[in-house]
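User: Please take a close look at a single part of this model, the contact between the two chains, and then relate it to the packing within each chain. A formal, connected account would be appreciated.

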Amino acid sequence: MSRALKYLLLFLSLGVALAPVYWMVTISLKSEVDHFASPPPWFSFTPTLEHYYEAFVTRSFAQYLVTSAIVAVISTLCALILGTLAAYALARFRLPYELDRKLSLWILSTRMFPAIVTAVPLFLMMRDLRLLDTKASLIIVYTAFNLPFVVWMMRGFFDEVPRDLEEAALVDGDSRLGALVRVVLPLVAPGLAATAVFCLIVSWNEFLFALVLTQTDASMTLPVGIAGRVTQYEIKWGVMSAAGAVAIVPILVFAMAMQKYLVRGLSLGAVKG
Amino acid sequence: MPNSRRLSNAASRRHLLLPYVLVAPAVAVLLALSIYPLIYSITVSLQVGDAWSIGNFTRLASDNFFLTAMAHTFVFAVAALSCEFLLGLGLALLLNSQIRGRGFFRATLLVPMMLPPVVAAIVWRLLLNPNFGAINGTLKEIGINTEALTWTASPSLAMMSVIAVDVWQWTPFVFLVLLAGLQAIPQEPYEAALIDGSSRWQTFWHVTLPLLKPAILIVLLLRTMDLLRVFDQIFILTEGGPGFATETISLYIYRSAFRFFDFGYAAAMSFVLLALTNVISVVYIRLLRNESRA
């Protein structure tokens, strides 16, 4: 294949990947008149921030944004703490009856359940516990959802740390947990950070559980807030696009920051990338 | 002496218990939030009214909506998977050759996959809107009659549209994993193939593909699981419509549970979906195992 053709194909793919997102950003910046203009103005329009103002000041999108952030951060922390401890044990101890291996596989398999399968009973459980329409319900569900991922990823990172280092610390009189905190965790810090970012992205993007478990502005996350505007009779395209554009920003920043671990995280550690 | 021995016994017992103590909280959370819900769901699915019954399961076989939703799910999954695989492989091979700015292309091509699925669907509703969408607007500009092209509002084009959106969003994932797989292949087999004088096509078929097979199987497994449970994008793009044209199994379960409040029936259907994804993942994992043994 000639060089020119290669680059042509690459730039074409780039256009297909980015143009749709660019279009949404322009809609968020165009006044309503320009939304319906023909031919569609791809480049020449007078930008305005009115939709951002309407979304985040007049309407409740600022609140959804805060809820999304709270839920994502707290559930990520919980999953990281529980998951890292379990992963360390599964990476370092050989348990009888191959229990360590079986436990790892079982933990991974819980991640494979289609979300809708657990969404129905979780809704009923949260209803019984009177936790429907609370941030707590989302934090609980996202912690459980991210947990297998953290265990699986961190187990892989722990496996890569040579045991000699800890054994030296143990000989020096450190306890197991002391060795974990002082010796091993600093070495897996980049992996831990990448895992955290993945959990944040997953929680930030999650839609189905949030749709099922929340009903009012008090506990809605950003995706549910945006989706709520689609099914209304009069669709506010500008407001939706503005909210969508804002929802993308943290994700892109995070993703770029941890490119190195992207493949590994997305394939649940199966491809080391 | 006896004292210190007792101490060390206690210490070593604590040492033996440590892994269980570390694993227990995570296992408890998963039991409470993954396994218990499944058991709860079984009991819900086995009740009709207030009586125990397998009625929800027998009803499945004669529910045409359920069967149609299953068929839609298969069509969606097979079509999207094939397109994503072929396009993703093509892009990966393209970027694995001598290219300037590979890092830049790789990073920007990934953007669609990072978007929240809800936002990706909004993006495409803006593009595909028959009245003011950029696609029809631009087609009109170059002189194409767009009257029949109502995309997500047309029963015949709606399925194609939701497939296209999924392909747009998830081809980057396939591409990313396959590119990583390609870059992990050592140079030696290629040098040997060069010495043997095999053609480019032969090299691809006999060297690249076999060595890439584990990465291919993993990416197909992960995509298949996601495609069979698809919900977010279709919910936003068409809500399963027009009519029933894009209703997949997850949407039908959602509708049964949260619109018609028929939780028992929804639970019964969700077990069919669970069984299906389990069977398919077992097949993939068998293939992968054979691969690592060979």
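Analyst: In this predicted model, the contact between the chains draws 68 residues from chain B and 75 residues from chain A. On the side of chain B that touches chain A, the leading contributor is helix α1 (residues 2–45) of chain B, which gives 14 residues. Sorted by class, that side of chain B comprises 54 nonpolar, 11 polar and 3 charged residues.

Within chain B, a helix pair can be examined in detail. Helix α6 (residues 117–128) and helix α8 (residues 158–183) of chain B have axes that come within 11 Å and cross at roughly 130 degrees. Angles from 65 to 115 degrees count as roughly perpendicular and those over 145 as roughly antiparallel, so α6(B) is oblique to α8(B). The crossing of α6(B) with α8(B) is right-handed. From α6(B), the residues B:Ala120, B:Ala121, B:Trp124 and B:Leu128 meet B:Ser161, B:Val165 and B:Gln169 of α8(B). By class, this contact holds 5 nonpolar, 2 polar and no charged residues.

B:Ala121, one of the α6(B) residues in that contact, can also be set against B:Leu222. The two are 101 residues apart in sequence, and their C-alpha atoms are 21 Å apart in space. B:Leu222 belongs to helix α10 (residues 200–228) of chain B. Because 22 other C-beta atoms lie within 10 Å of B:Leu222, and 20 or more are required, B:Leu222 is buried.

A loop residue of chain B shows another environment. B:Glu239 is located in the loop between α11 (232–237) and α12 (249–258) of chain B. The phi angle of B:Glu239 is near 50 degrees, a positive value in a residue other than glycine. With 16 other C-beta atoms within 10 Å, B:Glu239 is partly exposed.

Chain A can be described first through its domains. The domain assignment gives domain 1 (1–48) and domain 2 (59–266) of chain A, and the C-alpha centres of these domains lie 33 Å apart. Their contact takes 6 residues from domain 1 of chain A and 6 residues from domain 2 of chain A. On the domain 1 side, α1 (3–29) and α2 (32–35) of chain A each supply at least two residues, and α1(A) gives the most, with 4 residues. The residues on that side of domain 1 divide into 3 nonpolar, 2 polar and 1 charged.

Chain A also contains a helix pair whose packing can be described. The axes of helix α8 (residues 163–171) and helix α9 (residues 176–205) of chain A come within 10 Å and cross at roughly 135 degrees; α8(A) and α9(A) are therefore oblique to each other. The crossing of α8(A) and α9(A) is right-handed. A:Leu165, A:Glu166, A:Ala169 and A:Leu170 of α8(A) make the contact with A:Ala179, A:Arg182, A:Val183 and A:Val184 of α9(A). By class, these residues are 6 nonpolar, no polar and 2 charged.

A loop residue of chain A completes the account. A:Arg130 sits in the loop between α6 (115–128) and α7 (135–159) of chain A. The phi of A:Arg130 is positive, about 55 degrees, although A:Arg130 is not a glycine. Because A:Arg130 has 9 C-beta neighbours inside 10 Å, A:Arg130 counts as exposed.

Methods. Residues are numbered from 1 along each chain as its sequence is written. Chains are lettered from A and ligands numbered from 1 in the order in which they are written. This is a predicted model: local features need pLDDT of at least 70, side-chain atom pairs count only at pLDDT 80 or more; totals for chains, interfaces and linings use all residues. A residue is buried if 20 or more other C-beta atoms lie within 10 Å of its own, exposed if 12 or fewer, and partly exposed in between; C-beta atoms are placed from the backbone. Two residues are in contact if their C-beta atoms, placed from the backbone, lie within 7 Å. Ala, Val, Leu, Ile, Met, Phe, Trp, Tyr, Cys and Pro count as nonpolar, Asp, Glu, Lys and Arg as charged, and the others, Gly among them, as polar. Domain bounds come from an automatic or database domain assignment. Axes are lines fitted to C-alpha atoms, for helices over the stretch in contact, and angles run from 0 to 180 degrees between N-to-C directions. Angles under 35 degrees count as roughly parallel, over 145 as roughly antiparallel, 65 to 115 as roughly perpendicular and the rest as oblique. A crossing is left-handed if the near helix is turned anticlockwise from the far one by less than a right angle, and right-handed if clockwise.
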